[in-house]
Amino acid sequence: PSLEREIEVGEHFVSGDYLSLRAEQIMELLFNIRQENYDYNLNQILRQVSSKHKADFAAQLGVFVSDVRSKKYFYVFNKESIALDTASLSVVFSGRLETFINDKLVAEIPKRYKLSFINNSSLVSLVSFEDVSNENS
């Protein structure tokens, strides 16, 4: 066996590999929301959000995925790059967002999403998810 990634979390430190894995997991849950797994995925995401930010994040997620429920949309995010900032505990994903209705591709646009975390005595929790596509790189 070999160790491919170094996962470290301390009271005042989070390794880039750990931050990257956590962010990738959340992105996978966000962009794999379908009619059949809506509640499960939202629950899994909210379990990773800091308790202080849970209500705001739940409202944000409700807006983000409302079309999945009402219009039967689903989204696929194809990651092209990832930028880590272990000092601020943030991760920015750049890529292309594809929108589908009934398995038909209806839109494809470049997007950048930022996930921010907080380290509370070695418990790393999600604080926010935001579209930063219109911000300067």
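Strand E3 (residues 73-85) runs antiparallel to strand E4, and 12 bridges join the pair. Strands like these, and helices too, are DSSP runs numbered from the N terminus (H or I with at least four residues for a helix, E with at least two for a strand), and two strands pair if DSSP finds at least two bridges between them. This is a predicted model, where local features need pLDDT of at least 70 and side-chain atom pairs count only at pLDDT 80 or more, while totals for chains, interfaces and linings use all residues. Residues are numbered from 1 along each chain as its sequence is written, and side-chain values use heavy atoms, with hydrogens and water left out.

**Strand E4 and its neighbours**

- Strand E4 spans residues 90-101, and 10 of its 12 residues are buried; buried means under 20% relative accessible area, exposed over 50%, and partly exposed in between (1.4 Å probe, protein chains only).
- Towards E3, Ser94 of E4 is the bridge partner of Ser81.
- A hairpin joins E3 and E4 with 4 residues between them, and Leu89 in that turn has a positive phi of about 55 degrees.
- E4 also pairs with strand E5 (residues 104-120), again in the antiparallel sense and over 12 bridges.
- Across from Val91 you will find Leu115 in E5.

**The turn between E4 and E5**

- Most residues other than glycine have a negative phi.
- In the hairpin of E4 and E5, with 2 residues between the strands, Asn102 has a positive phi near 50 degrees.
- Asp103 lies in the loop between E4 and E5 and has a positive phi of about 65 degrees although it is not a glycine.
- Asn102 counts as exposed because its relative accessibility is 60%, and Asp103 counts as exposed at 65%.

**Aromatic rings**

- Rings of Phe, Tyr and Trp (its six-membered ring) pair if their centres lie within 6.5 Å; planes under 30 degrees apart count as stacked, over 60 as edge-to-face and the rest as tilted.
- By this rule there are 7 aromatic pairs.
- One of them is the edge-to-face pair of Tyr73 and Tyr75, with 6.4 Å centre to centre and 75 degrees between the planes.
- Tyr75 is buried, with a relative accessible area of 14%.
- Tyr113 and Phe129 make a stacked pair, 5.1 Å centre to centre with 15 degrees between the planes.
- That pair links distant parts of the chain, with Tyr113 in strand E5 and Phe129 in strand E6, 16 residues apart.
- Tyr113 is buried at 3% relative accessible area, and Phe129 counts as buried at 4%.
- Phe31, Phe77, Tyr113 and Phe129 are linked into a cluster by ring pairs.

**Pockets**

- On a 1 Å grid over the protein atoms alone, a pocket is an open set of points where a 1.4 Å probe fits, with protein on both sides within 12 Å along at least five of seven lines; lining residues have an atom within 4 Å of a point.
- The largest pocket has a volume of about 210 Å³, a volume being the space filled by probe spheres set on grid points that are joined across faces, edges and corners.
- It is lined by 13 residues, and those closest to its centre are Ser50, Ser51, Asn120, Leu123 and Ser125.
- E6 gives the most to this lining of the largest pocket, with 3 residues.
- The second largest pocket has a volume of about 170 Å³, and its lining includes Phe31, Phe77 and Phe93.
- Helix H1 (16-30) and E3 are the elements that each give two or more residues to the lining of the second largest pocket.
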